[in-house]
Amino acid sequence: MKQIGMGLGLAVALAATLLAPAGAATKPKKVPFTATYSGTAVVQVTDQVAAITANGNGKGTMLGTSTITGKGSADASQQPCAPFTGPGTMTAANGTKLAFTVVSGSQGCGDEQGQVFSLSGKANVTSGAGPLKKAKGLLKFTGVYDRGQGTFSVKFTGTLAV
Amino acid sequence: MTARRALTRALTLTALAVSAAVVGPAATADIPGQTPYPAQKVQELFAAAQTATTDGALNDYFAPGSTVLFRAYAVDGKTHKVLAAKDVKYFYVTIPNQPNVKLEYDPKAKGATALLPWTGTWAVPGNYPGGLVDFKVFVKTITKRHGVYVQFPVPSSQLTITANPPAVLSPAPSAPTAAPINGTVDVSLYVDTVNGTRPAAAAPRPIGCTQTNVFKRGEQLVVRAWGADMATSDVLSSENVSSATASITGQPDVTLNWGAHGGTSKVYYWTGAWNIPSDYPLGQLNIHVVYKTDAGKTGTQDYPVVIIP
C-alpha cells in the first residue's frame, strides 16, 4: 500500500514537471537593489537644450565596485526644474552590467543661484550582463549635480527582477 | 560613589543632548551630497515654529521696540500625537542675550492657529543690536522626550532686527487652520511662505525670500516645507516621497520640489512657486499641501494666506 502511494506521488510530480509552462522553473527572483555613484558631469547648453555626459565610480548590489556612464538631454528652458532623460550603464570590472534609461518625469531642480541641482526621477532597467543578465525593474534615483564643480553624486534604490 | 553618580549623570545628559530632536546630518547623509533640513532624522519630537506680528502676519523683519510673536507646535515621535498643554513640561524660545520666552498653549490666542497653538511674545528692546537673531525653540514632554527647532538657514527668511524693516502687508489671515484629525499624524509637516524674487506681474519687494502670508496680486508666492515620516523618523526627501503638491483653488497644482537652498552652506527642503494671477480673487485662501510617501502614507496641511490688490 505504501509503495503504491509513493509511486502515485512520483507520477504526479513527474506529470507536474512535464506539464509546467516553459520558464516556470526560472521565475525571476526579486532582489532589493541599491547603488551609489559619484563622478564628473559635463553639461553643454545649446538653444535651451542641455546635452549631458556623466562618468562616475561607486558600488551597487550584485555589481560591487563599479562605474557608471550616462548620456542624456535636458530642457534648460524650464526653471527651476529641468526635465531630463537618457540612457546609462553601470558596469563592474568582471563584466556584470546593468543598462537603464532615465524616464520622463525625471528632473534636476536648481538652487537660487542655478549652481546646485537636486536630481530625482526613475530609471528603467532595460538589460544587463552576468548575474544581472535578465534584470528588469524601475529604480528610483536621487542625487546632486554641482554645476560649478562639474561633479555629481547619485543613489539608486528599488527592486530588480533578476 | 558621588563621583560615579556625577559621571553617570553627565553621561545621561550627554546622551539626552545627542538624541534630542535631531541627528546631525553631515556625516550620515543618506543621499550623497545632500544635507536635509533640519537633519537626516527627527528623533524624539518633531518641533516647528514661526515668527509673526502680534496680529498673526508671518514676518521675520522687526524694528527695535516692536514685538515678535512666536508660534509653534510639536509632535511626539513615539505616539505621533500633536502636543497639547497636558503633554508638555516646557516649551520655550531662547534668544541671545535675552530672557527665555515661555510658550503657552492656546489655539485661540491672538496670532495662534489650531496647528500652531503654542505662542509667546518677545518685546524687542530698543537697544537690541541689529542683525540676525539666532533663536531656538526647546520643548520637553512630561515623558521626558525632547525637541528643538532651528530656523531655515536662509538669512533673508530668518528673524532679523533692523531699524528699517520692510513694511508688513495686511490683513493677516484670520481663520485658524484645521487641527490634525484625532490629534495624531503619520507624517508631520511644517509649511510657510516667502515672497519670490521674480514676481511676474508686480514690483519685487525690497528684500526677496522674506516670510510673509499676505501677497499682492501678481507677486510670486513660494511655499516652503519640510516634514518627517513619524514611523521611521526619516525627514521627507526625494528618496521617500512619491509626490508633494500644493493645491490652490482655481489653479493647477503646484509641485513642491526637493532642492538645495541657502548661502554657502546649502540645506535641502521642499519649495514650490506660484505666480499669483493679476485677476486672482482677493481675500483669504487655504493652500492645501499634500505629501504622499513611497510607504503609502499621507501628510496634509492647510496653510492660510491672504491675497490683496
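Two strands pair if DSSP finds at least two bridges between them; strands (E, at least two residues) are DSSP runs, numbered from the N terminus. The model is predicted: local features need pLDDT of at least 70, side-chain atom pairs count only at pLDDT 80 or more, and totals for chains, interfaces and linings use all residues. Residues are numbered from 1 along each chain as its sequence is written, and chains are lettered from A in the order in which they are written.

**Exercise 1.** Determine how strands β19 and β20 of chain B are joined, and place them in their sheet.

*Solution.* Step 1: β19 (residues 283–293) and β20 (residues 298–308) of chain B run antiparallel, with 10 bridges between them. Step 2: one bridge partner pair is B:V290 with B:T300, the latter in β20(B). Step 3: the open sheet of chain B has 5 strands in the order β13-β20-β19-β15-β16, with mixed pairing. Step 4: β13 (214–216) and β16 (254–255) of chain B each have a single partner strand, so one side of each lacks a neighbour in the sheet.

**Exercise 2.** State whether A:F156 is buried or exposed, and identify its contacts.

*Solution.* Step 1: A:F156 lies in strand β9 (residues 151–161) of chain A. Step 2: a residue is buried if 20 or more other C-beta atoms, placed from the backbone, lie within 10 Å of its own, exposed if 12 or fewer, and partly exposed in between. Step 3: A:F156 has 25 C-beta neighbours inside 10 Å and therefore counts as buried. Step 4: contact requires C-beta atoms, placed from the backbone, within 7 Å; leaving aside neighbours within four places in sequence, the contacts of A:F156 include A:F33, A:A123 and A:F141.

Technical notes: Helices (H or I, at least four residues) and strands (E, at least two) are DSSP runs, numbered from the N terminus. Two residues are in contact if their C-beta atoms, placed from the backbone, lie within 7 Å.
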